[in-house]
Number of protein chains: 2
Amino acid sequence: MALIVQKFGGSSLGTLDRIQHVASKVMATRAQGHDVVVVVSAMFGETDRLIRLANAITHLPDPREYDVLISTGEQVSMSLLSIALNAKNCDARSFTGPQIGIQTDDVHTKARIQEVKTDVLQRELKQGRVVIVAGFQGVNEAGEVTTLGRGGSDTTAVAIAIALKADECQIYTDVDGVYTTDPHLLSDAMMIPHISFEEMLEMASMGAKVLQMRSVELASRHNMPIRVLSTFIDGPGTLVTFEEKIMQRRLVTGIAFSREEAIISLSGISRRIGLEGLILDRISQEAVEIDMIAQNATAQDTVDFTFTVPRREYAKAIKIIEGLNKDLGSFAIKTNDKVAKVSLVGVGMKSHAGVASTMFKALGETGIGIQMVTTSEIKISVIVDETLVEQAVKAVHQAFELHKIPSPKQEQLVE
Amino acid sequence: MALIVQKFGGSSLGTLDRIQHVASKVMATRAQGHDVVVVVSAMFGETDRLIRLANAITHLPDPREYDVLISTGEQVSMSLLSIALNAKNCDARSFTGPQIGIQTDDVHTKARIQEVKTDVLQRELKQGRVVIVAGFQGVNEAGEVTTLGRGGSDTTAVAIAIALKADECQIYTDVDGVYTTDPHLLSDAMMIPHISFEEMLEMASMGAKVLQMRSVELASRHNMPIRVLSTFIDGPGTLVTFEEKIMQRRLVTGIAFSREEAIISLSGISRRIGLEGLILDRISQEAVEIDMIAQNATAQDTVDFTFTVPRREYAKAIKIIEGLNKDLGSFAIKTNDKVAKVSLVGVGMKSHAGVASTMFKALGETGIGIQMVTTSEIKISVIVDETLVEQAVKAVHQAFELHKIPSPKQEQLVE
């Protein structure tokens, strides 16, 4: 008998039929003898509906009240799921974040969990009940409702799993696992049975949006295995776990990509005044996210300096840079706001040379020009023209044979 | 400076425009220097929507979870109102029933308020804030959300007003006050400036559904004046207060009526076996509400016995009676399920004879047959054919000159 935390997202709870289906899945896990804590998101579309109501009143709704408003979405879905379970004679009780004691800091709309109280959870589990908890919400020290920001229900589930020392945290969603790349883009994409926390972080942050980043970080810190599963298709899903448990892996695990990027290159920056640091500082202060950064020193006294920003923040970034160019010195600015990022991810590449060269060769042979490169221990990212994303992903996927089913030996878990 | 509790019903909060309008009304009261606690219902239609969701899953939703579900309606409207007020620079905070500490008993879906904690309310009022409270909900000893049943927000408002020793509890609704009779039925109907708690109870229970009965009982026990006002039309509304404050009144205050009644007459019941008591007992046990009861003793050994039930429970009542007739004795049953009740209400009639005769004469002259009569100290009710309700109300309204504006002297309040 294990203790399992199961989280169901909004699309899994989008209709009453789906809520009934989720109830059946929870009962099936109970029938296997496991204790179950269920974390729910709001029904699909409900949070957006509530946000629209608030924004129709004012563009800057009071954050405390905004949290009170949008936290009702999860309260509706948790009680409906509990009603469905009880109607099927499965003893269940639902609780809000404040009722459980999901303590957060004071930052309304983007609160962080500080502690999950376990007394109510333990008491209800001891009674043999399924405990249903509203995701995405908590309570601050003053007793006020807080919310965790978009995707926060994943974090709620992982935090509860850690607090209860659960055996596994299962995240049910509308895809059946994590794929080598987006299957909508490439039909050859394969489901990945096991992936490390590190790889998952790299995949998640770059477009394979299956799990909320913060929840993976949290799970990683506490070694809580997460299983990504489909609510609608039965299957083992993808287990996100610590690297030591996965041996004899492929060199690379998957290919993430993101469109809607913009690249900004500055050349001829004087070395002395540290202008590149100043530029990054100023841009960050304006809350523009800088993603990739690369710097080359080709000349004696000047550096060339390239970075990317999300396309929606391109205009803002350019304005800041032009201001700095006027005030602080003269450098050349070259930009392209029609680019995309393609990233190869895999812990296997740490110990293997030649991954980058295989990738670049594949792109080169397909006639795809690389506008920028950055690398980390487990990731190589390139910037290409946005019209070439599909070709780039396909070429790299093929080059590393990600479309082939991994041999059982390779995918064996070390127990 | 006074402390005023203002309650806004669902139709007053039905759209975002209306919520903005309510915010303006609250701010107008603040601008007069008063402290304000606002109690809100769910937005119009929202509670019904949530109930439909629960009932689509099962006809017998778990009552604990049902309360968790439907209590979200008020949480949405309270936060939206607070967002609207804060956007207009009026400092406001919203609180759920549990957050305030509206302690109730354990009876989910029909809980009764046992205590209203005042610490949070006082703390927020001291900060100069408008305090917005979710109506219709509370918390039981175990910390679970409970709801008070339909119309419970009126009770929440009155209970808070009593706990805070407020100066007045204002109930904003979609009518501008309590009328001498339903203005939809009779355009001559007049708004009543002052009405006693007793009269209001008699009016409310009989079709003039402006205030929830329980809230009037509660206000009456604690001498908390209630003012019924329109959210949409400015005016003084109707003040419901204790009788001693109202002097030199009309003989009668208003005419209530209810359609959808059924009358059941039993004749030739033996006096000895106390069958009439047994019949009432048995019917009550089946949860059929009995309204009017009249008994005549025309013969030596038998009694005639007449009572009314809501029409929707007529079939159930008849089945019980026929069973008893078969088992316990033989009596004649005469029924009519196409009748209506018309009631004349007024504390003034206590000390004045001739009210009944004026009423019966007016009905007789209009050719309306009276099928049953019951009287209390401040009320005379008659049963008439349901097709004659309008004529009956009109005749009685005319006979007591309720269409005439009362002289200022008559309506003066004793201070």
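In this short talk I will go through the pairing of the two chains, one hairpin, the nonpolar core and two unusual backbone angles.

Please keep in mind that this is a predicted model, in which local features need pLDDT of at least 70 and side-chain atom pairs count only at pLDDT 80 or more, while totals for chains, interfaces and linings use all residues. Residues are numbered from 1 along each chain as its sequence is written, and chains are lettered from A and ligands numbered from 1 in the order in which they are written.

Let me start with the symmetry. Chain B is superposed on chain A, by least squares on the C-alpha atoms of residues with pLDDT of at least 70 in both, through a rotation of 180 degrees with 0.0 Å of shift along its axis, and the RMSD is 0.1 Å. The two copies are therefore related as by a two-fold rotation axis, and in chain B the C-alpha nearest that axis belongs to B:Thr72, at 2.8 Å.

Now to the interface, where contact means that C-beta atoms, placed from the backbone, lie within 7 Å. By that criterion, 28 residues of chain B are in contact with 28 residues of chain A. Which element of chain B gives the most to the side that touches chain A? That is α4(B), with 10 residues, where helices (H or I, at least four residues) and strands (E, at least two) are DSSP runs numbered from the N terminus.

Turning to a hairpin, strand β17 (residues 372-376) and strand β18 (residues 379-385) of chain B pair in the antiparallel sense over five bridges, pairing being assigned if DSSP finds at least two bridges between two strands. Two residues lie between these strands in the hairpin, and B:Ser376 has B:Lys379 as its bridge partner in β18(B).

Next comes the largest nonpolar core, a set of buried Ala, Val, Leu, Ile, Met, Phe, Trp, Tyr and Cys residues joined through C-beta atoms within 7 Å. Among its 241 residues, A:Leu81, A:Ile160, B:Leu81 and B:Ile160 touch the most other members.

Finally, two residues other than glycine have a positive phi: A:Glu260, at about 60 degrees, and B:Asn89, near 60 degrees. A:Glu260 lies in strand β15 (residues 254-270) of chain A, whereas B:Asn89 lies in the loop between α4 and β3 of chain B. Are they buried or exposed, given that 20 or more other C-beta atoms within 10 Å make a residue buried, 12 or fewer exposed, and anything in between partly exposed? A:Glu260, with 15, is partly exposed, and B:Asn89, with 7, is exposed.

Terms used
Contact = placed C-beta atoms within 7 Å.
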